[in-house]
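Open the model in your viewer, switch to a cartoon view and keep the selection box handy. We will go stop by stop, and at each one there is something to pick out.

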Amino acid sequence: MIQLKEYTIPFVGLKQGLHQFEYRIDNTFFEHFEYDEFNAAAVKIDLEFNKKTTLLELQFKATGTVNINCDLTNEPFDLPIENDFFLVVKFGDEYNDENEELLILPHGEYEVNVQQYIYELIVLAMPQKRVHPGVEDGTLKSDILEKLDELSPKEKTIENDSEETDPRWDKLKNLLNDK
């Protein structure tokens, strides 16, 4: 995957201490990852980059909205999302990103690319089941909801137990009760 230049942070020229970065994420960012689940996205990423002598600490915070389709009605709606993530970057002999909260860069590296972490931060903020708020509170009027309601199984009302039954079955039922 090609790394986007605007998400690469050259930390060699930064002084030790806290640095702030801000990113505005929209659909063009997700097109790079070939992720097309969002109709639209407007997410702000605040990144606190703390440079220390032997390591780097990155605190990501995502806030914003994504426009997605409801899983039940396929109606589009804006879903607010909020998520955060903490990453520690250390230096070692070779690149290693097996641990999700620790990134090891080879000695001599002078920059770190954060686009994959931003992508995962936003995508993992999504709930498993995406339901339109109008469905939950009953205010959404949709043809699909009406059809689902019409086709849903209805509770059968139990009528009188005095229906005529075959006497042979009654004898068998008595065997179960006699023990």
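**First stop: a strand pairing**

Select F91 and look across to β6, where L105 stands opposite F91. Keep in mind as you go that this is a predicted model. The strands at this stop are β5 and β6 (residues 102-106), which run parallel and are joined by five bridges.

**The sheet around it**

Now colour the strands from β2 to β6. They make an open sheet of five strands in the order β2-β3-β4-β5-β6, and the pairing is mixed. Look at the edges next: β2 and β6 each pair on one side only. Turn the view to look along the sheet, and you can follow a twist that averages 20 degrees from one strand to the next.

Bring in helix α2 by selecting residues 115-123. This helix packs on the sheet and touches β2, β3, β4, β5 and β6. Its direction makes about 140 degrees with that of β5.

**The β4-β5 hairpin**

Select 55-69 for β4 and 76-92 for β5. These two strands pair in the antiparallel sense over 15 bridges. Two places to click along the pairing are L56, which stands opposite V89 in β5, and T63, whose bridge partner in β5 is E82. If you show side chains here, remember that in a regular strand they alternate between the two faces of the sheet.

Which residue between the strands of this hairpin takes a positive phi? Go to the six residues between β4 and β5 and select N74, with a phi near 65 degrees. N74 is not a glycine, although its phi is positive. With a relative accessibility of 51%, N74 counts as exposed, because the cut-off for that word is over 50%.

**Another positive phi**

Move to the loop between α1 (27-32) and β3, where you will find E34. E34 also has a positive phi, near 55 degrees, in a residue other than glycine. Is E34 buried or exposed? E34 is exposed, with a relative accessible area of 72%.

**Aromatic rings**

Show the rings of Phe, Tyr and Trp as sticks: the structure holds 15 aromatic pairs. One to zoom in on is the pair of F21 and F49, which is edge-to-face, with 5.9 Å centre to centre and 85 degrees between the planes. F21 belongs to strand β2 (residues 17-25) and F49 to strand β3 (residues 40-51), so this pair ties together parts that are 28 residues apart in sequence. How does their exposure compare with the cut-offs? F21 is partly exposed at 22% relative accessible area, whereas F49 is buried at 0%.

Next, select Y7, Y23, F29, F30, F33, Y35, F38 and Y119 together, which form one aromatic cluster.

**Last stop: the whole chain**

Zoom out and colour by secondary structure. The protein chain has five helices and seven strands, and from the N terminus on its elements run β-β-α-β-β-β-β-β-α-α-α-α. Of its 179 residues, 32% count as buried. Switch on the surface, and you are looking at about 12,900 Å² exposed by the protein chain, with carbon and sulfur atoms supplying 49% of it. To finish, consider the contacts between residues at least 6 apart in sequence: 58% of these join residues at least 24 apart.

Conventions. Residues are numbered from 1 along each chain as its sequence is written. This is a predicted model: local features need pLDDT of at least 70, side-chain atom pairs count only at pLDDT 80 or more; totals for chains, interfaces and linings use all residues. Side-chain values use heavy atoms; hydrogens and water are left out. Rings of Phe, Tyr and Trp (its six-membered ring) pair if their centres lie within 6.5 Å; planes under 30 degrees apart count as stacked, over 60 as edge-to-face and the rest as tilted. Helices (H or I, at least four residues) and strands (E, at least two) are DSSP runs, numbered from the N terminus. Buried means under 20% relative accessible area, exposed over 50%, partly exposed in between (1.4 Å probe, protein chains only). Contact means heavy atoms within 4.5 Å. Accessible areas come from the Shrake-Rupley method with a 1.4 Å probe; for residues, only the protein chains shown count as cover. Two strands pair if DSSP finds at least two bridges between them. Axes are lines fitted to C-alpha atoms, for helices over the stretch in contact, and angles run from 0 to 180 degrees between N-to-C directions.
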